Amino acid sequence: MATIQASSSSASSFPRDRTSAASNTRESHISVPKLPCAGNLIHELNRRNGLQTINSAEMKPFIRTNMKNEEANGNWKAVEELYAIMEAVADRSEMHKNIGVQRDNWNRLLLNSLNVMTATAATMAGLTSLTGGGAPLLALKLSSTLLYTAATGILMVMNKIQPSQLAEEQRNAARLFKNLHQQLKTVVEVGRPSLNDVKAAMERVLALDKAYPLPLLGTMLEKFPETVEPAVWWPREQQRSQQEETVGGGMERNNGWSEKLEEEMREVVGVLKRKDAPEYVRLSKVVLKVNKILAICGPLLTGVAAVGSVLDGSWAAALGVVGGALATVVNTVEHGGQVGMVFEMYRSTAGLFQLMEETIESTLEEKDVEKRENGELFEMKVALQLGRSLPGLQNLTATHSPSSPREFASKLF
């Protein structure tokens, strides 16, 4: 009996459970589902249709990569040509270095040989007064005359080519080619080279070749020019054309530039033009005059000594000895003192100041300051080239006036 009641109660509970479950099911079906957003819906529809949705944020790296690839393809030719120019520049630097060492050896060896020949000829000319006569006297006179004649010819060649000046030219060329090589290396590794950089590099190489030629015959620089001018080893026509192209447009003050800095740079140019460059041109003229006098006196004295060694008598012997001694002194001062090298050094220094003037002027004439070199960096480079600190450079421009006879701009030379 108890069993029947329990089964009936359990059976009666089943309908209630099913009813409640059904009601819950109906309620769950009636509830409105949450609709997806439009972006997710489009993504789902594209997924079902076999399409792929690409986000705009995902597209940016691809766009940047494609742009970089296009720039790399556009600059590839310029980079390749710059590397070829760098190889040629490195080769030229080594050539000028080796030839500079060779011509410095010329100066020392020729000077030593010349002094030995002159001293030997003077000794023989003095011995002629102690020899009685005959064959020994003739041999001494002939030997002395031949040595003096040979010394005169060698000295005329040395005065014409000025080996010490030739060596200084090659040393300057080696240094400038090495500097150009480093600048091109920086452009390739840090900057974004273009075909304009290739053209500018070619023009600079050709300008250096013209300023410091390797051959002696035909293209050798005049060692005794009529007018003394600063050395020029940069393409000046290119700088003028760039200045003409960049003139125009409004002026903005950014990229490290300001009115004060521009006035400072203009004052530096004024000081260089008034003081430094004219001073070194003047020194070049003085050294050139001294070199001319020495170049004339040396062969003249050896020639007079050669004539004196031929003649008979005590006065002739004295002329041969004294002329040879004076010629040795003059040759030692001219070539041992490397007067030609000093002239070339002063001329190159004047050229350096002129290059600084043109560089600063061309930079200031560029109206778009964004195309200029950073102003603070440019000021630091100018200060380093002049051997000054930044406060020292600012103090120079603050205290200088057109009529002021004060210090020079450069502290290096």
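Two residues are in contact here when heavy atoms of theirs lie within 4.5 Å. Keep that in mind as you go, and remember that the model on your screen is predicted.

**Stop 1: Glu-169**

Start by selecting Glu-169, which sits in helix H5, residues 163–189. Is this residue buried or exposed? Glu-169 has a relative accessible area of 1%, so it is buried, the cut-off being under 20%. Now bring up what surrounds it. Setting aside neighbours within four places in sequence, Glu-169 is in contact with Tyr-212, Leu-221, Lys-223 and Glu-344.

**Stop 2: salt bridges**

Next, look for charged pairs. Side chains of opposite charge can pair when their charged atoms come close. How many salt bridges does the structure hold? The count is 13, and a few of them make good stops.

Select Asp-104 and Arg-108. They form a salt bridge in which the closest N and O atoms are 3.8 Å apart. Both belong to helix H3, residues 56–127, and because they are four residues apart there, about one helical turn separates them. Arg-108 is partly exposed, at 41% relative accessibility.

Now select Lys-141 and Asp-312. This salt bridge has its closest N and O atoms 3.3 Å apart. The pair ties together distant parts of the chain, 171 residues apart: Lys-141 is in helix H4 (residues 135–161), while Asp-312 is in the loop between helix H8 (259–310) and helix H9 (314–336). The two ends of the bridge also have their own surroundings to check. Lys-141 is buried, with a relative accessible area of 12%, whereas Asp-312 is exposed, at 63%.

Move on to Glu-267 and Arg-274, another salt bridge, with 3.3 Å between the closest N and O atoms. Arg-274 counts as partly exposed at 31% relative accessibility. Then select Glu-262, Glu-263, Arg-266 and Arg-372 together: salt bridges with shared partners join these four residues into one network.

**Stop 3: H4 beside H9**

Colour helices H4 and H9. Their axes come within 12 Å and cross at roughly 20°. An angle under 35 degrees counts as roughly parallel, so H4 and H9 are roughly parallel to each other. H4 passes H9 in a left-handed crossing.

Which residues meet here? On the H4 side, select Tyr-148, Leu-155, Met-158 and Asn-159; on the H9 side, select Gly-320, Gly-324, Asn-331, Glu-334 and His-335. Sorted by class, this contact has three nonpolar, five polar and one charged residues.

**Stop 4: H8 beside H10**

Keep H8 in view and add helix H10, residues 339–365. H8 and H10 pack with their axes 8 Å apart, at an angle of about 160°. Angles over 145 degrees count as roughly antiparallel, so that is how H8 and H10 run relative to each other. Their crossing is left-handed. By class, the contact of H8 with H10 has 20 nonpolar, four polar and seven charged residues.

**Stop 5: H10 beside H11**

Stay on H10 and select helix H11, residues 375–385. The axes of H10 and H11 are 12 Å apart, and the two helices pack at an angle of about 170°. They are therefore roughly antiparallel to each other. To see the contact, show Met-356, Thr-359, Ile-360 and Thr-363 of H10 along with Phe-378, Val-382 and Gln-385 of H11. The contact of H10 with H11 has four nonpolar, three polar and no charged residues.

**Stop 6: two pairs from distant places in sequence**

Still in H10, find Leu-352, which is partly exposed at 24% relative accessibility. What does Leu-352 contact, leaving aside its neighbours within four places in sequence? Its partners are Trp-233 and Phe-413. Leu-352 and Trp-233 are 119 residues apart in sequence, yet 9.2 Å apart in space, C-alpha to C-alpha.

For the last selection, go to Ser-258, in the loop between helix H7 (236–246) and H8. At 31% relative accessibility, Ser-258 counts as partly exposed. Add Glu-376 to the view: Ser-258 and Glu-376 are 118 residues apart in sequence, and their C-alpha atoms are 9.8 Å apart in space.

Notes. Residues are numbered from 1 along each chain as its sequence is written. This is a predicted model: local features need pLDDT of at least 70, side-chain atom pairs count only at pLDDT 80 or more; totals for chains, interfaces and linings use all residues. Side-chain values use heavy atoms; hydrogens and water are left out. A salt bridge is a side-chain nitrogen of Lys or Arg within 4 Å of a carboxyl oxygen of Asp or Glu. Buried means under 20% relative accessible area, exposed over 50%, partly exposed in between (1.4 Å probe, protein chains only). Axes are lines fitted to C-alpha atoms, for helices over the stretch in contact, and angles run from 0 to 180 degrees between N-to-C directions. Angles under 35 degrees count as roughly parallel, over 145 as roughly antiparallel, 65 to 115 as roughly perpendicular and the rest as oblique. A crossing is left-handed if the near helix is turned anticlockwise from the far one by less than a right angle, and right-handed if clockwise. Ala, Val, Leu, Ile, Met, Phe, Trp, Tyr, Cys and Pro count as nonpolar, Asp, Glu, Lys and Arg as charged, and the others, Gly among them, as polar.
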